[in-house]
Amino acid sequence: MKKVIDIFPLAIFVVLLIVLFSFLSEKDDQLETALVDSDFPDFSLSALSNDNKTLTKGDISKLPALINVWATWCIACRVEHPFLMQLKNESVLTIYGLNYKDNRTKALSLLERDGDPYEFSIYDFEGRLAIDLGVYGAPETFFVDKNGVIRERHVGVVDETVWEKKFAKYLNE
Amino acid sequence: MIPEIGHIILISHLVLSFMGGILPLAAIYSKNDFLSIPTKKLSVFLFFLILVPFLVLIYSFLIDDFSVAYVSQNSNINLPNYYKLAATWGAHEGSLLLWILAMNGWLIAYMFFNNSKDKDYISTVFSISCQVIFAFSLFTLFTSNPFERILPIPPLSGADLNPSLQDIAFTVHPPLLYFGYSGLMIPFAISVAAMLFSKDTKEWASNSRPWTLMSCSFLTLGIALGSWWAYYELGWGGWWFWDPVENAAFIPWLLSVALFHSLIASENRGVYGKWSILLSIFAFATSLLGTFLVRSGILTSVHAFALDPERGLFILGILAFFIIGSLFIYSIKDFENETTPSYELTSKEFGFLLNNLLLVVLAVSILFGTIFPLIYEAITDGKQISVGAPYFEVILFPFALALGLLQGFALYLSWGTSSSFKFLPRLLIESVSIFVLILIILFILFDNLHLTSFATIFLSSWILMGTLQINKNKNLNYWRFLRKRAAVTFAHSGMAILTLGVAVVSSYSIEKEIILAPDDSVEFGNQTILFKNTEDIMGPNYFSKSATMSFSDGSNISDVLTEKRTYSPSGQLTTEAGIKTEIFQDLYISMGDNLEADIWSFKVQIKPFIRWIWLGALMIAIGSLLAGIKRVRKT
């Protein structure tokens, strides 16, 4: 009888561990699926290059496309920048930028210096569209297919490997 | 080159801690002296093998080596040097290094200052600690390497340290907290070794007690500093938010308090041996669990760490290995031969039992409140709720009340036999008089009486009198008092002061949103607040709009500065509150929004007795540290 009681703490702990583990896998999926297979959200924000020009969902017209969240304060964005340039130069697909919580002048001078891989960049200082997209931070990249539906999301730097593994398959659909 | 040296030394730390985790145990169980290693020397060596990588990382910060990814993510050329130092432990990777450093520090201290003469047993404690250290070292190298480089083209400057972490309190808050968390490794290792060697309860309890006390002291300091930091840096004027990360530190604190109390009974009377073992295991488990909750990203809070499910999985693995392992030993161990001395219902033993039950049930309730939102989200398919302050306050109150009542007379109980309760009437009269005195003082200070906090204020006087009177009862002269009772008196009076602070601040605080143009003034409480002017300030890495405000209560006038800072590298905004501290109250003002031209909104608060909360916590920390050190020296 005494022995059975001694197993209790172990049993309770194992249950707790299983619960925690299930959260972990749960959370993992959620990150992937939050917006996947839903329409790209509506927005109305100014263009990075021109404060007076208002951009809406309709302006994202050259589909399929990548929507890339970036900022000058984001170091990892500079890491992926050359790869985005490569996608543009090889005309693989259109890339739209979402400039996130950034300084407009700094952002423009960075694009001037390092090259501009984007069709245009949306200037989202308050992070309004970013909230709708559920953005964690920069960089983050979404794949929007020819019907305007978000198919894939990647948090972090996009490089050759990520492109091959996560995005390339949607291009030829 | 230098970061690579740090990296290589970190790898050798991994290898050596692995050997430290295996060889001593192998030597003991194979009875083969060939395998035995000098554990004392190895503990020192291991410490240096982690100290060097840590110093290398600090060095990389100081010389602005932005090719190191961790440096580029958390520092910036314009960041002042002392914040570059603090940035070393400002995010996940570096804080892990600090954590391992702290564990190694504890291990050295234990190897040199423990009071056991049983060599094999000490080697086992060493070995188990090394296994824990090895697991953390492995975790760091494989999922969170601080020396990872951005090559071939390193960025010219970094993304900057999170602005709200650029603060003096923050430079010391994490180290203290990590010292507390990691210190719980020692009681854990002791409890496992005690089971393996079937140690006598009194013996291992006396071996474990100083380390539990000292870890608890560091936890107390770390939590108090965190609370103080939140108070003036987050700009809300709150001092405890029941944020998941705060809870993650509070739960091991509660368990370590329960543990060192139950160890007193174990050491003196040989009772609760099994219970103390379980508590040691769970105190350590909850400190790991806290790490898991914060760094796996399954809970979101103000303490944002880089989110990475893989890290979560790794910590869960560490947790599973050590806790399942130790609980497994516990479940198969034969405790039958332990004889438990009997005790009466009103004895000191029973007092400790009650104390432990209350603390543990409270800890479990807080743990439940912290992870309940996750469970709810899982079973309702994604609906999110948040269990906030109301739940925790409702839970905390009855437990705090019961614990406080117990604390008031616990010191009068006697071991084993029924206690006499002759002291009760006098204690009651004394605490009622102190209670009335406090109420009169509050009335004089604030022209007001708030009924809601009567119970808590009485509790505080009850604890204070219970603590101070027992010393008079025991007829100790000054030196004997210092030697024998200073620590417990300090800690328990600290609890009384903290309780008083909480009671007063929660019912006597007032706050108001005000809108002012320069040279306008407004009446608030007994203060007149004047908005003098605004000024632009350029800091080293921020631009700030600051407002000079003047508080006047008729006789004293004092100016405070509140700021809205925009940190240039990240563009993040922070609010610096202007705080005027007096003995009995804080005048707290934080800048709101710029409504038009020169007109600003402000939030102004009067927080009476808020400093007493941290004063009380400081006394608890000093008391438990003294108690711990005293017991180390007794050897």
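Good morning. Chain A is divided into domain 1, residues 1-33, and domain 2, residues 44-171. The centres of domain 1 of chain A and domain 2 of chain A, taken over C-alpha atoms, are separated by 40 Å. Please bear in mind throughout that this is a predicted model.

I shall remain with chain A for one local feature. Leu63(A) and Pro64(A) are joined by a cis peptide bond, with omega at about -5°. Pro64(A) sits in the loop between strand S2 (54-56) and strand S3 (65-70) of chain A. As background, most peptide bonds are trans.

I turn now to chain B. The domain assignment gives domain 1 (1-159), domain 2 (422-508) and domain 3 (510-611) for this chain. Between the C-alpha centres of domain 1 of chain B and domain 3 of chain B the distance is 43 Å. In secondary structure, chain B has 19 helices and nine strands. Its radius of gyration is 26 Å, close to the 26 Å that the globule rule gives for 635 residues, so chain B is as compact as a globular protein of that length. The C-alpha trace of chain B spans about 85 × 80 × 55 Å along its principal axes. Of the 635 residues in chain B, 49% are buried. Among the contacts in chain B with a separation of 6 or more, 75% are between residues 24 or more positions apart.

Next, the nonpolar cores. Which residues touch the most other members of the largest nonpolar core? They are Met103(B) and Leu254(B), in a core of 155 residues. At least three residues of this core come from each of domain 1 (1-159) and domain 2 (422-508) of chain B. Leaving aside residues up to four places away in sequence, Met103(B) touches Val132(B), Ile133(B), Phe136(B), Ser182(B) and Met185(B). There is also a second, separate core of 34 residues, which includes Ile67(A), Leu111(A), Ala138(A) and Phe142(A). In soluble globular proteins, nonpolar side chains tend to be buried together.

One helix deserves a closer look, namely H7 of chain B, residues 168-183. At 1.5 Å a residue, its 16 residues should span 22 Å; the end C-alpha atoms are 24 Å apart, which agrees. Why can H7(B) be called largely enclosed by the rest of the structure? The reason is that 12 of its 16 residues are buried. Among the buried residues of H7(B) are Phe170(B) and His173(B), as well as Ser182(B) and Gly183(B). Ser182(B) also appeared a moment ago, as one of the residues that Met103(B) touches. The cover over the buried residues of H7(B) includes helices H4 (81-87), H5 (92-113), H8 (185-196), H9 (201-233), H10 (244-269) and H11 (273-295) of chain B.

The loop between H10 and H11 of chain B holds Tyr272(B). Tyr272(B) is not a glycine, yet it has a positive phi of about 55°. Is Tyr272(B) buried or exposed? With 23 C-beta neighbours inside 10 Å, Tyr272(B) counts as buried.

I come to the strands of chain B, beginning with S9, residues 599-608. Seven of the 10 residues of S9(B) are buried, so this strand is largely enclosed by the rest of the structure. Strand S1 (residues 510-516) of chain B pairs with S9(B) in the antiparallel sense over seven bridges, and Lys512(B) stands opposite Val604(B) there. Strand S8 (residues 585-596) of chain B runs antiparallel to S9(B) and is joined to it by nine bridges. Gln585(B) has Pro608(B) as its bridge partner in S9(B). In the hairpin of S8(B) and S9(B), two residues lie between the strands, and Ala597(B) takes a positive phi near 35°.

Strand S7 (residues 578-581) of chain B is joined to S8(B) by four bridges, again antiparallel. S7(B) and S8(B) form a hairpin with three residues between them. Asp586(B) links the picture: Thr581(B) stands opposite Asp586(B) in S8(B), and Asp586(B) stands opposite Lys607(B) in S9(B).

Finally, Asp519(B) lies in the loop between S1 and strand S2 (521-524) of chain B. Asp519(B), which is not a glycine, has a positive phi of about 70°. Unlike the buried Tyr272(B), Asp519(B) is exposed, with 10 other C-beta atoms within 10 Å. Thank you.

Definitions and conventions: Residues numbered from 1 in each chain as written. Chains lettered and ligands numbered in written order. Expected span 1.5 Å × (residues − 1). Buried ≥ 20, exposed ≤ 12 C-beta atoms within 10 Å, placed from the backbone. Contact = placed C-beta atoms within 7 Å. Domains from an automatic or database assignment. Rg over C-alpha atoms; globule rule 2.2 N^0.38 Å. Core = buried A, V, L, I, M, F, W, Y, C linked by C-beta atoms within 7 Å. Pairing = 2+ DSSP bridges.
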